[in-house]
Amino acid sequence: MEKTDYLIAAKWMITCEDNNRVLENHVLAIKNGNILAILPRKEAEKTYQAPLIEYASHAIMPGLINSHTHLAMNLFRGLADDLELMDWLNNHIWPAEGKWVSHEFVYDASLLAMAEMIRGGTTCFNDMYFFFDATAQAAILAGLRAHIGMHIIGVPTAFAKTIDENFEKALAFYDQYQNHPYITPTMAPHSTYTLSREDLIQANDIANKYHLRINIHLQESQGEVQQFFSKHRKRPLQLLDELGMVTPHLIAIHMTQINDDDYAILQKGNPTIVHCPESNMKLVSGICPVEKLTQLGMNVALGTDGAASNNDLDMIGEMRSAAFLGKISTYNPKAVSADTVLKMATLNGAQALGIDQITGSLTVGKAADFIAIHLDQIETTPLYHPVSQIVYAASPHQVTDVWVRGKQLMKNRQLLTLNEKEIMNKTSYWQQKIARK
Ligand SMILES: [Zn+2]
């Protein structure tokens, strides 16, 4: 018998590989944080000697990947609702950020967000916000796989007074985290409406020099594209194309406005598109044409955006919204299936972030990043198809256990790396401060 660290036995195992397999009564053998083998339970018990963890009424599947979020906005959840994007930004969010955002704020808010993500089965996220060093520190404590956007914005903020200071802070962060095992710096120029052509060129140069992903909010709403066009006589995507930024390393967030010229640029450059359906619906920004992009062979991943425009970080709910929006917007019930959205929330996210060799599916050799969802409950019974049950009927409260790199972050709904009570107390402290104004 070969010794290994753990055997994880599950009623159902959803692999989320390209040819997504749903296996019954199988076992994941885990060694040194990685998946050593996937095999039928009887065979596993004959082959390996290790403590057995039993998920008898659960599905296990890869941890969910939130491909676009602003974690620190969790402390602004519910602060300004029922508004249009530019009104929401200019008159509510940016003033609140100007007043409250600090290193301490971002650290506390990030911990709140990370507790929510772990409780909802998210194991990896792609963030962009000010004081990103605080978010990285929180992620180390939480044990989550973190892609931290080095936020660049062309207006003075509490974080950086000038554009040069933005870039200096980004480079210092990169130096500190470049070799970290699970914190990955990315470039995050905010958008084409908050940065100049020169700023974008500089962000692109840094990304190219250090081989970093570039995150940017792009063509999020019709108003944004129209304003940009009247000023520059071109669309935001066209500018990025001119600057040589539309490549597989680009993560284009939102993309609800795509015309024929845009499709040609996207197909040529092959970036990832991140769909944030709930934020897009709530701010009435528009609808990303997921079905068409997928048919064209583009990589489309899924994100919640920040909790101020969603208002949660629930990736199970986000999958359901993506499927429903994909169907109603095309009047086609076959569009954006349960399997498609599950892939968007796992393997496609890993591909977007350049870590699909490491995570995003339950595959031998990849990291043991997985979650257990308890399906033997009133809300998810009877059970004919585990994938559609998770996408169309399950809720984040049914996620019981979360593992990242073979380390357990949640056990039977108890957070193991974060202190729930402390997080609630800190949140209440901030809420009282912000509500008092
Ligand atoms: Zn965003």
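Here is a short tour of the chain, going from the whole fold to the place where its two domains touch.

**Start with everything shown.** Keep in mind that this is a predicted model. Turn on the cartoon view and you'll be looking at 16 helices and 18 strands. The C-alpha trace spans about 70 × 45 × 40 Å along its principal axes. What radius of gyration would a compact globule with 437 residues have? It would be near 22 Å, and the chain has 21 Å, so the two agree.

**Now colour by burial.** Buried residues account for 53% of the 437 residues. If you draw contacts as well, take the ones between residues at least 6 apart in sequence: 72% of those join residues at least 24 apart.

**Next, select the domains.** Pick 2–62 together with 360–405 for domain 1, and give 64–353 another colour for domain 2. Notice that domain 1 is assigned as two stretches of sequence, while domain 2 is assigned as one. Put a marker at each C-alpha centre and you'll find the two 29 Å apart.

**Zoom in on where they meet.** Here 20 residues of domain 1 are in contact with 26 residues of domain 2. Which elements should you select on the domain 1 side? Go for β15 (370–374), α15 (386–392) and β16 (399–404), since each of them supplies at least two residues of the side that touches domain 2. Linger on α15, which gives the largest share, 5 residues.

**Last stop: colour that side by residue type.** On the side of domain 1 that touches domain 2, you'll see 13 nonpolar, 5 polar and 2 charged residues.

Notes. Residues numbered from 1 in each chain as written. Predicted model: local features only at pLDDT ≥ 70, side-chain atom pairs only at ≥ 80, totals over all residues. Helix = DSSP H or I, 4+ residues; strand = E, 2+ residues; numbered from the N terminus. Rg over C-alpha atoms; globule rule 2.2 N^0.38 Å. Buried ≥ 20, exposed ≤ 12 C-beta atoms within 10 Å, placed from the backbone. Contact = placed C-beta atoms within 7 Å. Domains from an automatic or database assignment. Nonpolar A, V, L, I, M, F, W, Y, C, P; charged D, E, K, R; others polar.
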